[in-house]
Amino acid sequence: MKKRSVRTLLAMALAVFSLRAGAAGLRDGERSYQGTVDRLREAGLAGERGFDLLRRITSVGPRLTGSPQAAAAIELATSLMKELGLSGVHTEPVEVGRWVRGDIAEAAIIASGTRAAIPLSVCALGGSTGTPERGITAPVVDVRSLDELASLGTVLKGKIVFFNRPMDRRLADPFAAYGGAADQRVGGASAAAGHGARAVLVRSLTFREDRNPHTGLMQYDPRAPRIPAAAISTADAEVLSALIKKEKSVSVSLRMNCRDMGRVISANVVGEITGSELPGEIILLGGHLDSWDLGHGAHDDAAGCAAALEALRLIKDLGLRPRRTIRAVLFMDEEFGGTGGRAYAIAPQRKGERHLVAAESDRGGFVPVGLAIGGRDRRILERVSAYENLFRPLGVSFIVPGGGGVDVAPLIKQGAVPAAVITNSQAYFDVHHSALDVLSSVHPRELELQAVILAALAYILAQEGT
Ligand SMILES: [Zn+2]
């Protein structure tokens with residue numbers, strides 16, 4: 001053996017040391033949770049328990065707020081929570097609006113000259129009034145924005161306004177593209193009615209070109225007459241738009257028998273693992289139990305409910321005893337007014353409780369890519385980022401400020417820290433609010449991974465606080 005200088009030996013020792021640090025690569029805090037996160041991952045990914053919860057929730061069918069199926073989903077969710085052995089399982093009443101789609105949603109481009117009539121694939125927007133029984137037939141005006149609508153003014157009298165602005169494909173974030181086009185769906189009918197229009201057709205909010213109409217909430221301004229509002233599929237929006245360019249005047253007939261049914265009592269469903277030391281401090285994992293009614297609301301948002309429940313199941317089955325309470329809340333009425341989130345925040349049961357974190361999963365059951373936490377509060381972001389090496393192997397490649405959602409917004413206003421698992425949602429709007437949002441559109445492993453991440457995050461936060 002060759003003699004080595006002290007310097008060489010020192011260099012070698014340093015190299016070995018840094019190699020070790022690199023291999024482990026964990027901070028002290030991370031090291032203390034590594035075993036737990038490994039066990040959560042192994043238990044979560046070994047089977048399809050989260051997906052099975054999703055299967056059972058979607059088996060109820062569409063869960064439109066105030067509907068008999070929504071009531072059935074509340075009953076099912078209650079028994080699922082009991083089956084999982086959660087504590088304090090109960091429902092909390094929520095007064096919600098009820099609207100029914102009816103069984104007629106027909107539209108067609110009226111025949112002209114030698115051209116035959118062309119049927120259009122449409123659906124009522126949620127909350128829309130129906131048409132008169134014989135329908136509405138009127139010339140159509142293609143409009144791209146509420147500003148353009150305002151500039152047209154009296155031209156719109158007696159017409160059907162066709163809001164045809166697509167989601168902006170150039171944006172990387174599909175939610176930003178959706179947000180940028182949703183104003184026509186939500187407020188288009190009242191804006192058009194203010195100019196004397198008789199009905200509106202709104203281009204479905206999706207990147208995909210197909211014949212599936214996508215529903216979603218529309219709201220009436222009490223100052224304008226209530227006119228019917230329908231979503232038209234993107235493929236048919238293209239057909240209609242091309243024909244309007246080609247022919248001088250294009251008329252469309254629209255017939256729908258959707259209607260408002262007043263107010264009914266529904267409920268949020270709550271269950272938890274009660275904290276062993278600080279039970280009044282709560283880490284909330286939420287999703288919304290209601291859905292739109294064209295599909296089964298698998299991604300939106302049975303997946304969020306299933307992920308929250310599975311996260312609690314994992315923590316419980318591993319025998320972990322969180323210091324603070326980890327609670328699953330399955331909210332009612334996210335889609336049709338957000339009354340569930342508001343009712344939860346002010347329910348009498350909240351007395352003496354303090355919600356440290358309110359995480360909402362409502363971005364589809366897709367593969368997780370990141371974590372959003374803390375909104376504008378950078379301190380909690382830094383605290384959670386101290387565990388990033390535990391989350392990275394689970395697919396979390398970034399931790400950014402953000403989180404929040406319709407259901408948890410009232411809690412965040414009260415001081416809870418928002419949090420959310422960010423998924424790769426490029427395909428989300430293909431299915432969102434349409435007949436395509438069914439169980440088969442969710443990949444089991446992607447959902448299980450989301451549940452594991454939620455479980456790890458909730459457990460660490462329950463131990464460490466904020
Ligand atoms: Zn949703």
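Helices, of at least four residues, and strands, of at least two, are DSSP runs numbered from the N terminus. The exercises below concern a predicted model.

**Exercise 1.** Determine how many helices and strands the protein chain contains, and what its extent is along the principal axes.

*Solution.* Step one: the secondary structure comes to 15 helices and 16 strands. Step two: the C-alpha trace spans about 100 × 55 × 35 Å along its principal axes.

**Exercise 2.** Identify which residues of the largest nonpolar core touch the most other members, and which helix gives the most to this core.

*Solution.* Step one: the core holds 129 residues, and V200, A230 and L454 touch the most other members. Step two: helix α15 (residues 444–464) gives the most, with 14 residues. Step three: at least three residues of this core come from each of domain 1 (27–99 + 263–464) and domain 2 (102–257). Step four: beyond its neighbours within four places in sequence, A230 is in contact with residues including A105, V122, L201 and M256. Step five: a second, separate core has 10 residues, among them A177, L205, Y428 and V431.

**Exercise 3.** Explain why helix α3 (residues 49–58) is largely enclosed by the rest of the structure.

*Solution.* Step one: a residue is buried if 20 or more other C-beta atoms lie within 10 Å of its own. Step two: the residues of α3 that are buried are R49, G50, F51, L53, L54, I57 and T58. Step three: 7 of the 10 residues of α3 are therefore buried, so the helix is largely enclosed. Step four: these buried residues pack against α4 (68–83), α9 (298–317) and α15.

Notes: Residues are numbered from 1 along each chain as its sequence is written. This is a predicted model: local features need pLDDT of at least 70, side-chain atom pairs count only at pLDDT 80 or more; totals for chains, interfaces and linings use all residues. A nonpolar core is a set of buried Ala, Val, Leu, Ile, Met, Phe, Trp, Tyr and Cys residues joined through C-beta atoms within 7 Å. A residue is buried if 20 or more other C-beta atoms lie within 10 Å of its own, exposed if 12 or fewer, and partly exposed in between; C-beta atoms are placed from the backbone. Domain bounds come from an automatic or database domain assignment. Two residues are in contact if their C-beta atoms, placed from the backbone, lie within 7 Å.
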